[in-house]
Amino acid sequence: MLIILGCNEPLTSEGTALVAVASNFASTADKLVNVFEKETNYRIKLAIGSTGKHFAQIQNGAPYDAFLAADRERPKILEQNGLTQSDSRFTYALGRLTLWSPKADLVDSSGNVLFSDMFKHLAIANPRLAPYGRAAEELLLERGQWDALQPRLVQGENIAQTLLFVDSGNAELGLVATAHVKDRDGSKWLVPEQMHNPIEQQAVLLTSQPAAHAFMKFLRTKRAQKIILTDGYSVP
Amino acid sequence: MNLQPEDWNALWITLKLAATSTIILIVLGTPLAWWLSQTRFRGKFLLEAIVALPLVLPPTVLGFYLLVALGPSGPVGGFIKAIGGQPPVFSFEGLIIGSVIYSMPFVVQPLQDAFKAIGTRPLEVAATLRATPWDRFWFVAVPLARSGFVTAAVLGFAHTLGEFGVVLMIGGNIPGETQVVSIAIYDHVESLAYTKAHWVAGTLLVISFLLLVAVYAGNRKFRVWKP
């Protein structure tokens with residue numbers, strides 16, 4: 001996209017930032033970049049991937065200017081290791097969890113289907129790896145269902161794979177990212193935010209690159225937050 | 001030792017999966033490779049291309065299509081469901097199906113080459129001595145192609161050990177059932193438990209190395225011993 005857009009005007013590397021973004025946020029980041037690029041002369045290139053891999057790459061010298069992570073832990077460790085610009089870490093979005101089934105009447109409006117035997121598999125993201133998985137675990141623990149549901153849980157490595165398990169019909173329902181099922185049919189229960197710890201997605205600045213700096217600032221504006229909210233996240 | 005029970009479990013499942021898949025692949029692959037090496041059928045190249053196809057798709061993509069095909073709304077899974085069975089996704093059986101497809105070219109191609117390398121002459125000589133096609137296959141072709149079998153088994157086994165994308169997609173990462181060692185290592189890496197990852201990966205490497213050494217050493221001994 002950048003190369004096509006960039007053809008008409010000469011770009012210095014000063015004006016282009018390389019930003020690592022968590023896959024779950026990729027489509028929203030795309031929209032944000034579009035608006036940002038229209039408003040400024042800066043250009044943003046997005047490198048989409050899992051936060052764990054981005055983290056390992058940054059630790060080993062990857063040339064990213066900023067990092068939009070899927071969690072809070074990894075930006076924090078980078079900060080502790082002195083790999084970030086000081087005081088640049090902030091929460092840019094809060095993930096929301098939705099219990100979703102492609103079947104029209106499986107999920108009721110308070111998630112009581114989880115107490116029933118109307119499903120064989122419940123897909124969640126891996127609680128060890130994915131913040132959405134941890135939130136799902138907290139929710140099920142909170143409702144006292146974690147142990148009982150163990151034999152029926154299947155785990156995706158990330159929240160996108162969890163969605164795939166449900167979308168392909170292999171699991172009847174799953175605890176997925178609200179952003180992913182916002183426009184999908186079927187039946188849903190938007191899990192109340194107080195039923196799990198907040199799924200904080202944090203960003204850090206890794207270099208003093210001006211385009212990246214401006215983009216981080218832009219993420220905190222009302223306009224950006226509106227886009228983020230519309231896509232199924234909440235903002236702090 | 002730094003390995004936890006679930007890591008040993010994952011190692012055990014992986015070895016079981018690789019061994020089972022290799023046996024199935026040798027059983028299915030041998031007649032296929034034999035036929036491919038002998039036939040004058042003009043459409044043979046089509047079949048050869050199909051056998052090589054799993055090499056083309058990235059493993060996660062192959063896994064994605066298997067997930068869709070084997071799932072309850074896919075053609076295969078739907079059929080199984082219609083006749084009253086359980087779609088094999090999220091089970092050890094599902095992993096076997098995935099591994100067999102994934103490692104197929106690594107078994108069929110060395111076998112086919114080994115059969116081909118025999119040439120027509122030993123088989124013709126055997127035929128003049130009144131060996132039936134069955135005898136020619138078992139007592140001429142198979143012994144002469146023995147190193148091809150070793151290569152095929154080693155490649156099939158090793159390729160399944162290192163399998164990641166396919167099992168990631170169709171397994172569901174269920175500890176003790178579908179969590180193989182490559183996924184256990186990946187989980188350790190992704191959750192920043194690098195030391196644990198090193199230990200499991202190291203153990204996998206050592207076990208694999210010992211197995212391969214045993215196979216190749218056995219193959220050498222066999223050759224020397226043979227009159």
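The exercises below, each with a worked solution, concern a predicted model with chains A and B.

**Exercise 1. Confidence**

Task: state which scores the model has, and what the mean pLDDT of chain B is.

Solution. Begin with the whole model, which scores ipTM 0.72 and pTM 0.79. Then take chain B: its mean pLDDT is 89, and 96% of its residues reach 70 or more.

**Exercise 2. The build of chain A**

Task: describe the secondary structure of chain A and decide how its radius of gyration stands to the globule rule.

Solution. Step one is the count of elements: chain A has 10 helices and 10 strands. Step two is the radius of gyration, 19 Å, against 18 Å from the globule rule for 236 residues. The two values are close, so chain A is as compact as a globular protein of that length. Step three adds the box: along the principal axes, the C-alpha atoms of chain A fill roughly 60 × 35 × 30 Å. Step four is burial, and 46% of the 236 residues of chain A count as buried. Finally, among contacts in chain A with a separation of 6 or more, 79% join residues 24 or more positions apart.

**Exercise 3. The domains of chain A**

Task: find how chain A is divided and what the contact between its domains takes from each side.

Solution. Domain 1 of chain A consists of 2-94 + 200-230, and domain 2 is 97-190. The C-alpha centres of these domains lie 29 Å apart. Their contact takes 7 residues from domain 1 of chain A and 7 residues from domain 2 of chain A. On the side of domain 1 that touches domain 2, the residues divide into 1 nonpolar, 5 polar and 1 charged.

**Exercise 4. A strand pair in chain A**

Task: determine how strand E1 of chain A is buried and in which sense E1(A) and E2 pair.

Solution. Strand E1 of chain A covers residues 16-22. Of its 7 residues, 6 are buried, so E1 is largely enclosed by the rest of the structure. Next, look at the pairing: E1(A) and strand E2 (residues 43-49) of chain A run in the parallel sense over 7 bridges. One bridge can be located by name, since A:Thr16 has A:Arg43 in E2(A) as its bridge partner.

**Exercise 5. Chain B and one of its loops**

Task: characterise chain B by its elements, then place B:Gly162 and classify its exposure.

Solution. Chain B comes to 11 helices and 0 strands. Along the sequence the pattern is α-α-α-α-α-α-α-α-α-α-α. The C-alpha atoms of chain B fill a box of roughly 65 × 45 × 30 Å along the principal axes. Buried residues make up 35% of its 227 residues. Of the contacts in chain B with a separation of 6 or more, 73% are between residues 24 or more positions apart.

Now the loop. B:Gly162 lies between helix H8 (146-161) and helix H9 (165-171) of chain B. It has 15 other C-beta atoms within 10 Å. A residue counts as buried at 20 or more and as exposed at 12 or fewer, so B:Gly162 is partly exposed. From B:Arg146, B:Gly162 is 16 residues apart in sequence and 25 Å apart in space, C-alpha to C-alpha.

**Exercise 6. The contact between the chains**

Task: give how many residues of chain A and chain B are in contact, and the classes on the side of chain A.

Solution. The contact joins 13 residues of chain A with 15 residues of chain B. By class, the side of chain A that touches chain B has 3 nonpolar, 8 polar and 2 charged residues.

Note on methods:
Residues are numbered from 1 along each chain as its sequence is written. Chains are lettered from A and ligands numbered from 1 in the order in which they are written. This is a predicted model: local features need pLDDT of at least 70, side-chain atom pairs count only at pLDDT 80 or more; totals for chains, interfaces and linings use all residues. Domain bounds come from an automatic or database domain assignment. Two residues are in contact if their C-beta atoms, placed from the backbone, lie within 7 Å. Ala, Val, Leu, Ile, Met, Phe, Trp, Tyr, Cys and Pro count as nonpolar, Asp, Glu, Lys and Arg as charged, and the others, Gly among them, as polar. Helices (H or I, at least four residues) and strands (E, at least two) are DSSP runs, numbered from the N terminus. The radius of gyration is taken over C-alpha atoms; the globule rule is 2.2 Å times the number of residues to the power 0.38. pLDDT is the predictor's confidence in each residue, from 0 to 100. Two strands pair if DSSP finds at least two bridges between them.
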